[in-house]
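Subject: The structure, and what turned up in it

Hi,

Here is the structure I promised to pass on to you. Please open it next to this email, and my notes follow just below.

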Amino acid sequence: MFVFEKEQVIHSVGRVRIGGTPGENPTVLAGTIFYSGHKIVDDAKKGEFDQSAAEALLNRQTEMSDMTGNPALAQIFSESSEAMIRYIDFVSGLTDLPFLIDSTDVSVRIDGLRHAEEVGLLDCAIYNSINVSVTDDEIESLKEIRPEAAIVLAFNPQDSSISGKREVLEKGALNLNRGLLTISKEVGITKPLIDTAATSMGAGAGAAVAFVFIAKTVYGQPTGCGIHNSPSSWPWLRKLKKSDRAAFVTADIASNAIVQTMGADYLLYGPIENAPLVFPVAAMSDVLAAESAAMEFGVSPGEDHPYHKLL
């Protein structure tokens, strides 16, 4: 559909390649498991959960990945360090997929990262995330562990516009005296994944979509976001969901294709249960992008790209 003048970087995390020119590599899809309120979790603090149900969800995502050619990641969310360690061990025991270490609690993320290092999985771990709330202690811990890959979140609470997102990445915001990309380099991140910070509809969601294209144009780094959060938090759509769940689900899933047309390299698509719906939509968008890129610009999609697997 288009190419960028800026050289497009491709990062390898575990066996997954993320980034590049649109149409070159398939979009990477990350489904969240053990999220807050997830029905398979019995005790979020202790990390007790229905293992057979969790295994079925991970296997289903893998099946969809194998079917379409879109690589998968497991986005592991946890509310405690104890639970995070159990979740990482469980997921890594079932699959060799790279995984995101995600929590609203910094200490949980750091403890999860330390555990990944201890068990030899640091090359498969993606820290989620380095953001405007990063603390000095967090920075020191990251410098000590030195993970290769991290989500760098372009969320600026003072300015949700494109310029505001650039500011937080390049110069800093709030109490930060330098940009998040600089901080990422300081702590040893060699594989940054820019997240354009999808916000609610009417509160900057459009800028998050547009910034996918801008970020790849300016930085050339792999870029994506969790755009599903925008429609899923939309009051109008949530109200409609009560009488028409299909409309809600359709908007939630379709939002992923919108950022793909802007060049997104990865998608945090939300609950892993949605894998059977998201993967076909993402694969369709990838086929269209690859077909155009091959015809117009001579870009050759890889052998496992949906363009080859599904046509």
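Below are notes on the pockets, the cavity, a surface patch, some salt bridges and a few backbone details. Please keep in mind that this is a predicted model.

**The largest pocket**

Let's begin with the open spaces. The largest pocket has a volume of about 920 Å³. Its lining is made up of 31 residues, and those nearest the centre are Thr32, Gln75, Asp102, His228 and Asn229. Several elements each bring at least two residues to this lining: the strands β6 (72–77), β8 (125–130), β9 (149–153) and β12 (266–271), together with the helices α8 (229–232) and α10 (245–260). Helix α10 gives the largest share, four residues. If you sort the lining of the largest pocket by class, you get eleven nonpolar, 13 polar and seven charged residues.

**The second largest pocket**

The second largest pocket holds about 340 Å³ of space. It is lined by 18 residues, with Arg15, Pro26, Gly69, Pro71 and Asp304 closest to its centre. Two or more lining residues come from each of β2 (16–19) and α1 (51–68). Of these, α1 gives the most, with three residues. The classes in this second lining are five nonpolar, seven polar and six charged residues.

**The cavity**

How many cavities of 30 Å³ or more does a search of the whole structure find? The search turns up one. The volume of the largest cavity is about 170 Å³. Around it are 22 lining residues, and Pro22, Gly23, Thr27, Ala264 and Asp286 lie nearest the centre. Strand β2 and helix α11 each supply at least two residues of the cavity lining. By class, that lining has eight nonpolar, ten polar and four charged residues.

**A nonpolar patch on the surface**

Moving to the outside, Met1, Met284 and Leu288 make a nonpolar surface patch of about 290 Å². Met284 sits in helix α11 (residues 275–297). With a relative accessibility of 48%, Met284 counts as partly exposed, because exposed would need over 50%.

**Salt bridges**

The count of salt bridges comes to nine. Here are three of them.

- Arg114 and Glu144 meet through their side chains, with 3.3 Å from N to O. Arg114 belongs to helix α3 (residues 106–118) and Glu144 to helix α4 (residues 136–145), so this salt bridge ties together parts that are 30 residues apart in sequence. Arg114 is partly exposed at 24% relative accessibility, whereas Glu144 is exposed, with a relative accessible area of 56%.
- Glu140 pairs with Lys143, and their closest N and O atoms are 3.7 Å apart. Both residues are in helix α4, three residues apart, so about one helical turn separates them. Glu140 is partly exposed, with a relative accessible area of 46%, and Lys143 is partly exposed at 32%.
- Lys216 forms a salt bridge with Asp265, the closest N and O atoms being 2.9 Å apart. This pair links distant parts of the chain, 49 residues apart: Lys216 is in helix α7 (residues 205–218), and Asp265 is in the loop between α10 and β12. Are these two partners buried or exposed? Lys216 and Asp265 are both buried.

**Backbone details**

Finally, here are a few places to look at along the backbone. Asn128 and Ser129 are joined by a cis peptide bond, with omega at about 15°. Ser129 is part of strand β8, and β8 is one of the elements that supply at least two residues to the lining of the largest pocket.

Leu174 has a positive phi, near 55°, in a residue other than glycine. You will find Leu174 in the loop between α5 (162–170) and α6 (180–186). Its relative accessible area is 47%, which makes Leu174 partly exposed.

Ala197 also has a positive phi, near 65°, and is a residue other than glycine. The place of Ala197 is in the loop between β10 (191–195) and α7. Ala197 counts as buried because its relative accessibility is 4%, and the cut-off for buried is under 20%.

Happy to go through any of this with you over a coffee.

Best wishes

Key: Residues numbered from 1 in each chain as written. Predicted model: local features only at pLDDT ≥ 70, side-chain atom pairs only at ≥ 80, totals over all residues. Heavy atoms only, no water. 1 Å grid on protein atoms, 1.4 Å probe; cavity = no way out; pocket = protein on both sides within 12 Å on 5 of 7 lines; lining within 4 Å. Points joined across faces, edges and corners; volume = space filled by probe spheres on them. Nonpolar A, V, L, I, M, F, W, Y, C, P; charged D, E, K, R; others polar. Patch = residues over 30% accessible without salt bridge, like charges linked within 9 Å, V, L, I, M, F, W, Y side chains within 5 Å. Areas by Shrake-Rupley, 256 points an atom, 1.4 Å probe, with all protein chains shown as cover. Salt bridge = Lys/Arg side-chain N within 4 Å of Asp/Glu carboxyl O. Buried < 20%, exposed > 50% of the residue type's maximum accessible area, 1.4 Å probe, protein only.
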